[in-house]
Amino acid sequence: MRTFIGAIVSLAQGFYTTFQFFFQKKPTIAYPSIKKQHAPRFHGLHELRRYADGKERCIGCELCAIACPANAITVIGAENTPEDRRSPGERYAARYEIDELRCIFCGLCEEACPTDAIVLTPRFEMSDYRRGSFIYAKDRLLVPPEAGVGTSPDERPNGIPSDLGSVLAQKSTVDIASGYSATWRGELLKTDRKGLAG
Amino acid sequence: MNGAPKEVTLTIDGTQLTVPEGTLLVEAAKRIKTDIPVYCYHPKLGPAGLCRICLVDVEKTPKLQIACNTTVGEGMVVHTYGPKVEDGRRAVLEFLLLNHPLDCPICDKGGECDLQDYSIAYGQGASRLADPKEIKPKAIDLGPTIVLDDERCIVCQRCTRFDEIITLEQSLVVKDRGQRDVIATATGTPYVSMFSGNVTELCPVGALTSKTYRFKSRPWDLNRSLTTCVQCSAGCAINVDERHGEVLRTMSVPGDDAVSEGWLCDRGRYNVGFYSDPRRLTSPLLRRDGEWVQLGWEDAIDLWARTLHEAVDSAGPKSLAALGGGRLTNEEAYLIGHVFRALGCENIDWRTGRQRQASPGPRGGTYADVESAQAIVLVGVPPAQTTPIMSLRIRKAVSQRGARMILVGDYALPIRVAHERVARPRDLASLDLDRYERIAFFWDGIDPRVGSELNEFAEGLAEGRKIFTYVTGETPNARGAEGMGLVPRSGGRDSVGMLAAARDGNLRSLAIFAANPVLHMPGGADSVRGAIENVPFVVTTELFMTPTAERSTLVLPARGPFEKSGHTFDVTGAVRVLRPGVAAPTGTLSDLEILIALASALGVDVPGPAALHRQAALHAPWVARGFGDPALFAEGELKAPRAGAKATGLRLVIAADLFSGGGTVYHDDRLGELRPLATAALSEHTAAVAEVHDGYLVDIVAAEGTLRGLVVRVAPNHVDGTVTILEGLPDAPASAFEGGQTVALANVRAARVPVGVA
Amino acid sequence: MPLWLFVVIKSALVLFVVVTTFAYAMLAERKVLAWMQLRPGPNRVGPWGLLQPAADAAKMLFKEDLTPATADSLIYRLAPWISMITAMGVFAVIPFSESSSGLWSIGDVNAGILFVFSLTSLGVYGISLAGWSSGSKFPLLGSLRSTAQMISYELAMTLSVVGVLILAGTTSLAGIVHAQNKLWFVIPQFLGFIIYVITAVAETNRAPFDLVEAETELVGGFHTEYSGLRFGLFFIAEYLNMITVSCIATLLFFGGWNPLFGLSVIPGIVWFVLKVGFVIFIYIWLRATLPRLRYDRLMAFGWQVLLPLATLNLMATAAIVAWKG
C-alpha cells in the first residue's frame, strides 16, 4: 500500500514538474534572428593570421598538427624562395588544412603555435551540405593581406631573429583582453550583439 | 692479437661489468643499456672529445671525465647521472646553445634532434646570454645535395671526420675558429661526394640538411619501414620514410654491419622521388596503329597469353624470348624462368646491359673479407661507380689496414689514394702478388675475355692463399637473376643472340621484365631498337615510358622495389629481404603478380606463395666456376682481347655514374642537379696534347659512329691517353661503343656551357 | 434537399473540421510538449509556427513513396488506408452538439457506442497488416506488439464503458449525454474514467504505451518502411484516434456539450471543443511526463490490474443500480 501511495505521489510530482515547465520562461535563443553574445575567448572557426607587412605568420612547423588531439590538422611545409617569400624565415606552409568536422575546438593548436599564426575566432557559422567543404584550406583560413597585425621578424633591426622568443612576446599586442575584436571579422560580430533571447 | 684480449672489471651506476681492455666508457655503458649523451662521438668515427656533453663522474678523479674518450680501467667506479654530472652537462649545453638559434619549429631535425633531447634532459631552460646571438649565414648551398645552416652547427666535426676517415675524400673542413667557425670545403668548390647524404644523418643537429627533404616534413609524420635498396647490387638495408604515399627520404640502418655499416650512397638515398612521380605508368598500354591505347589488366594478360600460345603453335617455342632486369626479386626471376620454360622456351637471359656475369665463383668473398685483404685488385669499372658501399670497404682496407691497391685497365678512381696500375690481368704477374696471403679480386663482369684472363691469374695464385673474388657489376640483383636460372640453358639464346634472332625475324614474341636494353645493351641503341621493332609482339613491364617501353607493343605498369616484397642476393650472394615501404599507385602490379596472372592465363602451374618463397630462397644460387666462366658465354666471346689501341687515337673508357640511366633517375625531378652531363673526361696531360680545356664541347668519333656535343672535363685522376665517357645517358647513349677501342676527338668548340659539378 | 445530399454536405463539413483539428492537434502537441520540455517548439513557419502543419503536409506529399522489395505490395499499400478510414469513420456517429434543429452529427445511431468500438477495433488491422506486409523485422515486431496490446486493453476499455452504459441506460451517444444533464458520469464512474483514459492511451498507441512505434528500439515499429503520403496517413490516423477517444471521453464522462456551472449562454459546441481540448491536453501531458513502459509490465498491467478493476467497477455499478432500482 505504501508503495502504491508512493507511486501515486511520484506520479503527481512528475505531472507537477512538467506542468510547471509549461509556464516557465524558455531559455532557447531564436538563433538566426537573435545572436548570443559569446564569451570573449570563445573557440570557434580557425584563422591563419598575417603580419602587418602581409607575410604569413605560419612557418609550417606542424606543431599544431602534432598538438591536435583530433588529428584534424594537416600541414605540408615548403621552402621560401627569394622571389616568392610567403613567411619570414625559411619555411612556410605549402598546404595547411583543418578538418573542421574532426576539430574539437580545444584550442591546443593555438597554444602550440610558436608564431601565433593559427588562432580560433568566435566565428562558428560554417554549416554546409557537403562534408568536403568542412576541410578548410589556406584559401579560407588565411586572412586577407590587409588584416595583418604586429611586426614581421624580417623588419627588425637585426633581420630574422635567431630567437623566436621575441615573437612570442608579441602576444600582448594581440588584443587578448578585448577578445575577438582582434580578428578581422570581429567587428561584424560585435555589431550583431543582441543579447539573450526571451 | 695474441689470444683473448685482457678483461677489465668496472662499476657503472652500481652495476658491475667486465669488458675488454681499451673499451671506451660510452661503449661499456651501452652494454648495461645506459645511454650517455654524445654529439661528437660516433661508434664508426671514434672519439673526438669536442663537445664534452658525455661528462661522467669517475670516482677518485677530481673533475668530470668525458665518457667518449676515457677507456675503462680496472676497478673504476663511474656515475653517469647525479647532480654533479647533470650540472656539468648543463654547463656544456649552455655553451652549445649560446649561439644556437631557437628555430626548432622549422628545423628538419626538430623531433629527432639530440640537441633538443638533451636540452630537455639537462638544459637549464633559459639562456643567460645578454648580448644578441651571433648571426651566421643560413641556407649555405654546400653542393648538389647538402644545405648547411651554420647557425645550428655545434662543430662536433662528425661530417668532416666522416669525409676524412670513411670516404677518404677530405673535402669538408672546419674553416675559421671560435664562434666564427663554419663547415666548408677546403677548396671552396661545391661539396660533391657520392656519400654526401650520410653527413645529414651524422649531424646531431639540423645544420646539414638534404636538399630533397628540406622542409618537406617533420620526423613524426613519417612512416618508416625497413627494406633493402636495390639500386645497385650492394644490397644495403635501408629505412624508407613515407608520408601521404610519397617516399620523402631514406635513412641508413645503423645495425646493418654485414653490408652497409650504416652508410648509404647518394643514389640509394636520393633516387627515391620517382615513386610518386606523376609520369608513372598506371594502366596497361597497348600500341595499336602507332597510338597508345589503355587496356584493362585482364585483357592485357589475356592478349599476351594468347599471343604466346599462337607463337608457340605457329613457330614453336624457339620464337619466344624473355629478358629480365635488375629490378626483379629472386622470386620474380625464378618465375620468369618457370613460366617460359613451361612453354618450352629456353631463350631466357638477364643480361640486358654491359654486365655479362654476376656470380664470382666458389671463391666469392664477403664484405668482411674485403677488409682483411692485403692486396686489392680492381679490374674494369671500379666498384665506386657500380657498388659504392663496396668501395667504402675497399677504402677502409686501404686506409686502416694498409692494403695494396692495384688497378687493371684505364678506369679512373674517384678519390686520391695510392695505387698501382697495369693494363691487363696478365700483367699482374709482374707485381709480386704471391707474397700476400689474402687477396681480393674485383671484376666488373663486362668483358669475358678479361674475366677469363683474370680467372687464370687468380687460380694460379689460389694455392695456399685466400683468394676473395667479387663481381661488382652494374646490374642490381644480377646474382639473384643468375642464381634463379634467368640464363639460357640447353641451347637457348642469350640476350645478344635473341636480338640477332629478332633482327632476322625469327622471334615472334619478346618479354622484357624491368629492363631497358635500348639504353644499355652493347651494340648501340639504334641496333637494339631496330631488333625490338622487328618482333611482332613485345611486352615490357616498366615504371616509366623508357626508350625500350616506347618500342614495345604492350607496356605493363610495374611496381618499384619499395612497393613489393621478396628477396634478393647482394653482391656477395647473401639473401636480403624486401618489404613494401610505400603504397604503390593504383593500377600497378608487381612483376610477380604479373607473372602469376600470366601463368594462370597460360595454364601454367604456379608454386603457391609459400612454396614459391621457399623455392626461391632455397634455390641453390647458380654459381659460376670463376670469372669468365665459359658455361655462361658463347664461343668466341672468350678469345683474347683485341690487339692494343693504335698509338694515334685515345683509348675509350666507358664509365658508369651513380645517377645515369633512363628510368627512375631520369624521371625524378629532384635529382636534376645530380644527373650527369654527357662528358668526355681527360687527364691534364691528354687535354693539353689535344688542346682542349675544361668546358669545351667535343665530338667523339669512332668506327661505330659519333657521339656529339660532349662537355670536356679535365680531371687529374684520369689515365693519360684515355677519354672517359659515361654509359646510360639517354641524351648521349654510349652503348654503341666498346671500352678500349680507339677514338678520336673532333669538332672541338670553345663554347663554354655552364659547368655544374665535376 | 434530398437526404443523401444533406448527408454528403454534413460529411464534408465534418471531414474538413476533423482534418483541420488533426493538423492543429499535431501542432498543439508539439508546442505543448516543447513548452513542457522548456523549448519554444515549432516557430519558424508562419507566426508562432502556425503554418507548420501546412509545411509538414507539403513535405509529406513530396517525399518519395518507397515500397520495400520484400513487401507484399497490395496489402502494404492498403494498410494505411485501413487505418485512416476506420479512424475517420468513427466521426460519422459522434454528436458534437445539439440545437433546436436537432443533433449536430452526421448520423444519430442508437447503438453509436457499439459502432465506435467496432470501428476502432478494426483500426488494429491497419497497423498489424502494415507491419506484416512490410516484409521487414522491425515493423513485424511492432505489429505483433500492437495486436497483443490492443486486444488486451480493448477488453478493459469496453468494460470500463459498460458502467456508463448501465448508468445511462442507452447505447446512443446523444442519449448518454442527455443522461448527464444533472451529473457528469466522471463523478459516479471515476474509476471507470481512469481506466478508460489509461486504456484509451494504450489503444491509440501513445506514450507511455507507444511500444508499437518505440523509435528507440524498433525504429518506428510498424511504419518503419513507410514514407511520404502513406506514412502521413498513419500519422493522421493516430491523431484522429486520439481525437476520437477524447470525444468519447467527453461524451461519456464529461457530459458532452452540457455547459459547466450552468453557463448555457455559451453554445454547446464550444463546451464540447473545450472539453475535448482538455482531454487532449491530458494526453500530451502524459506523454511529456511518463517514460515508456516495459512490454511485460504493459501486458501485466492490462490483464492483472486494469481488467479486474474494470470488472469490479462494472459489477459494483450494476449492483448499485440494481439495488437502487
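**Notes on a predicted model: strands, a helix and a chain contact**

1. In chain B, strand β30 and strand β33 (residues 742-749) pair in the antiparallel sense, and four bridges join them. Within this pairing, B:Asp699 is placed opposite B:Ala746 of β33(B). As you read on, please keep in mind that this is a predicted model.

2. Strand β30(B) also has a second partner, since it pairs in the antiparallel sense with strand β31 (residues 705-714) of chain B over five bridges. These two strands, β30(B) and β31(B), make a hairpin, with two residues between them, and B:Val698 is found opposite B:Leu710 of β31(B). Is β30(B) mostly covered or not? Strand β30(B), which comprises residues 697-702, is mostly covered, with five of its six residues buried.

3. Elsewhere in chain B there is an open sheet of five strands with mixed pairing, and its order is β2-β1-β5-β3-β4. The strands at its edges are β2 (15-20) and β4 (65-66) of chain B, each of which pairs on one side only. Inside this order, β3 (residues 55-58) and β5 (residues 77-79) of chain B are joined in the antiparallel sense by two bridges, and B:Val58 has B:Val78 of β5(B) as its bridge partner.

4. Helix α2 (residues 83-96) of chain B lies across β3 and β5 of that chain, and its direction makes an angle of about 150 degrees with β3(B). The length of the helix can be checked with simple reasoning: α2(B) has 14 residues, so at 1.5 Å a residue it should span 20 Å, and this agrees with its end C-alpha atoms, which are 20 Å apart. The buried residues of α2(B) include B:Val85, B:Gly88, B:Val92 and B:Leu96, and B:Arg89 and B:Glu94 are buried as well. What do the buried residues of α2(B) pack against? They pack against β3, β5 and α3 (114-122) of chain B.

5. On a wider scale, chain B is divided into five parts, namely domain 1 (7-96), domain 2 (136-276), domain 3 (285-354 + 478-618), domain 4 (367-471) and domain 5 (650-749). Between domain 1 and domain 5 of chain B, the C-alpha centres lie 52 Å apart.

6. Finally, chain C and chain A are in contact through 14 residues from chain C and 15 residues from chain A. Together the two chains bury about 1,200 Å², of which 79% is on carbon and sulfur atoms. Of the area that chain C buries against chain A, 44% is supplied by C:Met36, C:Leu38 and C:Trp285, which is more than any other three residues supply.

Notes
Residues are numbered from 1 along each chain as its sequence is written. Chains are lettered from A and ligands numbered from 1 in the order in which they are written. This is a predicted model: local features need pLDDT of at least 70, side-chain atom pairs count only at pLDDT 80 or more; totals for chains, interfaces and linings use all residues. Side-chain values use heavy atoms; hydrogens and water are left out. Two strands pair if DSSP finds at least two bridges between them. Contact means heavy atoms within 4.5 Å. Axes are lines fitted to C-alpha atoms, for helices over the stretch in contact, and angles run from 0 to 180 degrees between N-to-C directions. Domain bounds come from an automatic or database domain assignment. The expected span of a helix is 1.5 Å times one less than its number of residues. Buried means under 20% relative accessible area, exposed over 50%, partly exposed in between (1.4 Å probe, protein chains only). Buried area is the accessible area (1.4 Å probe) that two parts lose on being put together, summed over both.
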